[in-house]
Amino acid sequence: MGKKIDDLVNEILSNGSETDKQVLEQVLTGIAKKPGKKQTYINLLFGFETEWTADGIIMSMPVTPLAHNSLGIVHGGIITTLADTAMGTLANKIVSDGQAAVTAEIQVHFLKEATGKSLLCKCSVLHKGRKTMVFESKVYREDGILCGHSTGSFFVLPKRT
Ligand SMILES: CC(C)(COP(=O)(O)OP(=O)(O)OC[C@H]1O[C@@H](n2cnc3c(N)ncnc32)[C@H](O)[C@@H]1OP(=O)(O)O)[C@@H](O)C(=O)NCCC(=O)NCCSC(=O)Cc1ccccc1
């Protein structure tokens, strides 16, 4: 295993493009931050940063080639992951002790191409029930343009120990 990783890293460092090296560095930097239960691989690899606000959560991410689709703009699935992660993080913060929340349904509108250096996802609570919760996420580009809009329904479950 060790040798294979060494060979792969050396191959990329020797023969990879600058973009390959940038992606490798981002992935290794994420792993070096030691993912765990709170900080998942997804959060660390994509550089998701969390800021709590009075009425919700703001989650940001840098736009790098790791998140690009073949057109060189952010992949819709990554925008969905950002929105789902923001809503899921908020949902699991506001449930009662001993409860967890999972996404049951998510809808995303991709309104503008996601370009620029970073994305900001502002997420708030639309409904907090005993069994279901609904959240709204707005994803903004660095220039302030709204590029994504998402709503998500979450199901409240007993937390697994
Ligand atoms: C729960 C429901 C949405 C609705 O279920 P219904 O069938 O209508 O009602 P019923 O009461 O029968 O359901 C009982 C079922 O509930 C499940 N379960 C129970 N307890 C737990 C538990 N503690 N943890 C997990 N699952 C638990 C278990 O399968 C159980 O079935 P069983 O009784 O074993 O056979 C179901 O369709 C489902 O699990 N969908 C998948 C949801 C999903 O994977 N979403 C994406 C990931 S979330 C995400 O990424 C967001 C996020 C981001 C960042 C940070 C955090 C979050």
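Helices here are DSSP runs of H or I with at least four residues, numbered from the N terminus. By that rule, Q26 is found in helix α2, residues 18–32. The model is predicted.

**Q26 in helix α2**

Q26 has a relative accessible area of 16%. Buried means under 20%, so Q26, at 16%, counts as buried. The side chain of Q26 makes a polar contact with the side chain of T64, at 2.6 Å. T64 also appears among the contacts of Q26 outside its neighbours within four places in sequence. The others in that set are L45, F46 and L66.

**The nonpolar core**

In soluble globular proteins, nonpolar side chains tend to be buried together. In this model, the largest nonpolar core has 29 residues. V74, L82, L119, M133 and F135 have the most contacts inside this core. Two or more residues come from each of α3 (41–46), β2 (56–62), α4, β4 (118–128), β5 (132–141) and β6. Helix α4 gives the most, with 8 residues.

F135 has a long list of partners once residues up to four places away in sequence are set aside. Its contacts include M87, L90, A91 and I94. F135 also touches C123, S124, V125 and L126. S150, T151, G152 and F154 complete the set.

**The ligand shell**

The residues around the ligand are D84, G88, N92, V102, T103, A104, F154, F155, L157, P158 and R160. F154 is thus a member of the ligand shell and a contact of F135. By type, the shell divides into 6 nonpolar, 3 polar and 2 charged residues.

Which backbone atoms lie within reach of ligand nitrogen? Polar backbone atoms of T103, P158 and R160 do, at the distances below.

| Residue | Protein atom | Ligand atom | Distance |
|---|---|---|---|
| T103 | polar backbone atom | nitrogen | 2.9 Å |
| P158 | backbone N or O | nitrogen | 2.8 Å |
| R160 | polar backbone atom | nitrogen | 3.5 Å |

On its own, the ligand has 1100 Å² of accessible area, and the protein covers 42% of that. Three elements give two or more residues to the shell: α4 (76–94), β3 (99–110) and β6 (146–158). The largest share, 4 residues, comes from β6.

Two of these elements also serve the core. Helix α4 and strand β6 each give two or more residues to the core, and each does so for the ligand shell.

Key:
Residues are numbered from 1 along each chain as its sequence is written. This is a predicted model: local features need pLDDT of at least 70, side-chain atom pairs count only at pLDDT 80 or more; totals for chains, interfaces and linings use all residues. Side-chain values use heavy atoms; hydrogens and water are left out. A residue is near a molecule or strand if one of its heavy atoms lies within 4 Å of it. A polar contact is a pair of N or O atoms within 3.5 Å; within protein, one must be able to donate a hydrogen and the other to accept it, and residues adjacent in sequence count only if both atoms are side-chain atoms. Accessible areas come from the Shrake-Rupley method with a 1.4 Å probe; for residues, only the protein chains shown count as cover. Ala, Val, Leu, Ile, Met, Phe, Trp, Tyr, Cys and Pro count as nonpolar, Asp, Glu, Lys and Arg as charged, and the others, Gly among them, as polar. Buried means under 20% relative accessible area, exposed over 50%, partly exposed in between (1.4 Å probe, protein chains only). Contact means heavy atoms within 4.5 Å. A nonpolar core is a set of buried Ala, Val, Leu, Ile, Met, Phe, Trp, Tyr and Cys residues joined through side-chain atoms within 4.5 Å.
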